[in-house]
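Visitor: I'm new to this one and would love a close look at a single part, with some of its surroundings to help me find my way. Could you walk me through it?

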Amino acid sequence: MTRMSVFKTPVLNNLFLTFAAASALAAQTPDEKIKALESAVAAAQSAGDNAWMLTSAALVLMMTGPGLALFYSGLVRRKNVLGTMMQSFIMMAVATVIWAVAGYSIAFGEATPYFGDLRYFMLHGVGADPNADYAGTIPQQTFMVFQLMFAIITPALITGAFAERMKFTGMVVFCSAWLLVVYCPMAHMVWGKGGLFNAFLGGSLPCLDFAGGTVVHITSGVSALVCALYLGKRKGYGSEPMKPHSLVLSVIGACLLWVGWFGFNAGSALGASGLATSAFVATHFGAAAATLGWLLAETMHSGKPSVLGGISGAVAGLVAITPASGFVTPTAALIIGFAAGLFCFFMVVILKSKLGYDDSLDAFGVHGAGGTLGAILTGVFATKEVNSALTNGGGLVDGNAGQIVNQFAGTAIAWILGAVGTLVLLKITDMVVGLRVSEEDETTGLDLSMHGEEGYSLES
Amino acid sequence: MKKIEAIIQPFKLEEVKEALKAIGVDGMTVTEVRGHGRQKGHNEVYRGQEYMVDLLPKVKLELVVSSARLEEVIKTVTAAARTGKIGDGKIFVYDVAEAIRIRNDDRGETAL
């Protein structure tokens, strides 16, 4: 069967069922009528859910390219603008192939609490039929491609830590291996059927993570810190100016991230439901409050509210609200966002300069720190008022203080897996293809030394 | 003939140009440059990283005039470019040995 016909079949079925239901009603027994109507209703819901989920998948892809590519590339020096964009863009290709071959299967197969199996090797059996365990109203292929977009952006987030000094080949090899060794197992533990932390599909230590606070942001943020420490500082860090070459690009990128995040979080409802609306609202409120939190802290600290501070705060809020988004009220989202704005400002502006590591674009200070804060606060503010699937109560606000302990457990595993996995993979990659560019190439810039191009040729 | 090299604040360029036009000086060459004299630069802060920017954007104006008009032109430029604050810039004057119009080989002051 061609790819087209896989998608066409349910559409034709839906049409057929709708016509059948309408035209045959008169001639049918009541039982048959009810059955036909039930099918028509299910088909209608599937059509609505699938439309939203395909839109969400596209929105999440837009977060990486151009969102993150612009956000990060504006923060580097002019000579590295293309190299930095490429580190995000290439993941759109590399992660996709890895996901098709084995990534999806390791994340969403069902062998153990820690990783899946190879039942979906080469996407075997992943077609138009829904997988009722994960999302019963949309084709499993939609679920697969939506999850793929998360696998694309997560390693791309790490690239902020080693910006302006990582070899292109080293970056591709490291990120590919990282997806299989760190990301897919963590996604399985939190979202896979039977995963250790899966709160809804038989996990023994339920940890709430609606859209990827642990899976995406803690793993990438902690791995980013390890990368920054392992690779060392950029040449001239602290003595030469390393100003962002275009905050204009970064503002555009941050705004695209904000919009794309609606797909990330509201899409994680896996349907066009009221829960999606709730996650959408929480996401937006979290980003807004965090923007104000960061700007307030910055103004008190250094006297001026900077544009870079505003957009950094927005991203910090979006990160922190990610695990909580489908579980908390709008008010809780405002609190979580505001806390994230203050906390990430402290991590990026105050703590980083005290510790002296060169996490160039603050992947750890924003994603690692914001993700950790969000994961813990999810255990405080999650409530079954918002998400009826929390049958035993949500977090502290529902009187379930124990959930905070589980959130710490999930967070700890994400930290350990991210840190150890990254360290091992960096060592191996370093031996095989090398990680850091030569001093000469670093001075020239990645655009020319890695890609043989320049981002801006104003003479031509 | 004298060459006047005036380094001025970029935002004063239009005023200086208008004032020179008013006294009949038409030819000039303008370059965007960076530099500093006694004027201090400013600080920029990006996520807590402070950068001292001491080379500031300036505009360099070059024009060649007959020696007879030198003082008049200097007065015009200083009056138009002055704000009275540090950073207004400087004027340097050089002797010019020869001027040649490429189009028709005019020489000396007729070439100006």
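Guide: Happy to! From the N terminus on, chain B runs β-α-β-β-β-β-α-β, which gives 2 helices and 6 strands. Please keep in mind that what you see is a predicted model. The C-alpha trace of chain B spans about 60 × 30 × 20 Å along its principal axes. Its radius of gyration is 17 Å, while a compact globule of 112 residues would have one near 13 Å. Buried residues make up 14% of chain B. Of its contacts with a separation of 6 or more, 71% join residues 24 or more positions apart.

The part I'd like to show you closely is in chain A, so let's turn there. Chain A has 14 helices and 0 strands, and 56% of its 460 residues count as buried. Its C-alpha trace spans about 85 × 50 × 45 Å along the principal axes. The radius of gyration of chain A is 23 Å, which agrees with the value near 23 Å for a compact globule of 460 residues. Among its contacts with a separation of 6 or more, 75% are between residues 24 or more positions apart.

How far can you trust the picture? The mean pLDDT of chain A is 93, and 94% of its residues reach 70 or more. Residues 1-8 of chain A are another matter, since their pLDDT stays under 50. Where pLDDT is low, the predicted coordinates should not be read in detail.

Now for our close look: helix α9 of chain A, residues 307-321. Its 15 residues reach 21 Å from the first C-alpha to the last, close to the 21 Å expected at 1.5 Å a residue. This helix is mostly covered, with 12 of its 15 residues buried. A:Gly309 is one of the buried residues, and from A:Ile311 the buried list goes on through A:Ser312, A:Gly313, A:Ala314 and others to A:Ile321.

What lies around α9(A)? Its buried residues pack against α6, α7, α8, α10 and α11 of chain A. Two of these neighbours deserve a visit. Helix α10(A) has 26 residues and reaches 35 Å, close to the 38 Å expected. It bends by about 30 degrees at A:Met347, and just after the helix A:Gly356 takes a positive phi of about 80 degrees. Helix α11(A) has 19 residues that should span 27 Å, and its end C-alpha atoms are 25 Å apart, which agrees. All 19 of the 19 residues of α11(A) are buried, so this helix is largely enclosed by the rest of the structure.

A good place to see how things come together is A:Cys344. Leaving aside residues up to four places away in sequence, A:Cys344 touches A:Trp294, A:Ala316, A:Gly365, A:Val366, A:Ala369 and A:Gly370. You have met A:Ala316 already, as one of the buried residues of α9(A). A:Cys344 also belongs to the largest nonpolar core, which has 150 residues. Together with A:Leu257, A:Ala324, A:Val328, A:Ile336 and A:Ala340, it touches the most other members of that core. Helix α5(A), residues 168-191, gives the core its largest share, 16 residues. Finally, a second, separate core of 11 residues takes us back to chain B, where its members include B:Ile4, B:Val25, B:Leu61 and B:Ala81.

Key. Residues are numbered from 1 along each chain as its sequence is written. Chains are lettered from A and ligands numbered from 1 in the order in which they are written. This is a predicted model: local features need pLDDT of at least 70, side-chain atom pairs count only at pLDDT 80 or more; totals for chains, interfaces and linings use all residues. Helices (H or I, at least four residues) and strands (E, at least two) are DSSP runs, numbered from the N terminus. The radius of gyration is taken over C-alpha atoms; the globule rule is 2.2 Å times the number of residues to the power 0.38. A residue is buried if 20 or more other C-beta atoms lie within 10 Å of its own, exposed if 12 or fewer, and partly exposed in between; C-beta atoms are placed from the backbone. Two residues are in contact if their C-beta atoms, placed from the backbone, lie within 7 Å. The expected span of a helix is 1.5 Å times one less than its number of residues. pLDDT is the predictor's confidence in each residue, from 0 to 100. A nonpolar core is a set of buried Ala, Val, Leu, Ile, Met, Phe, Trp, Tyr and Cys residues joined through C-beta atoms within 7 Å. The bend at a residue is the angle between axes fitted to the seven residues ending there and the seven starting there.
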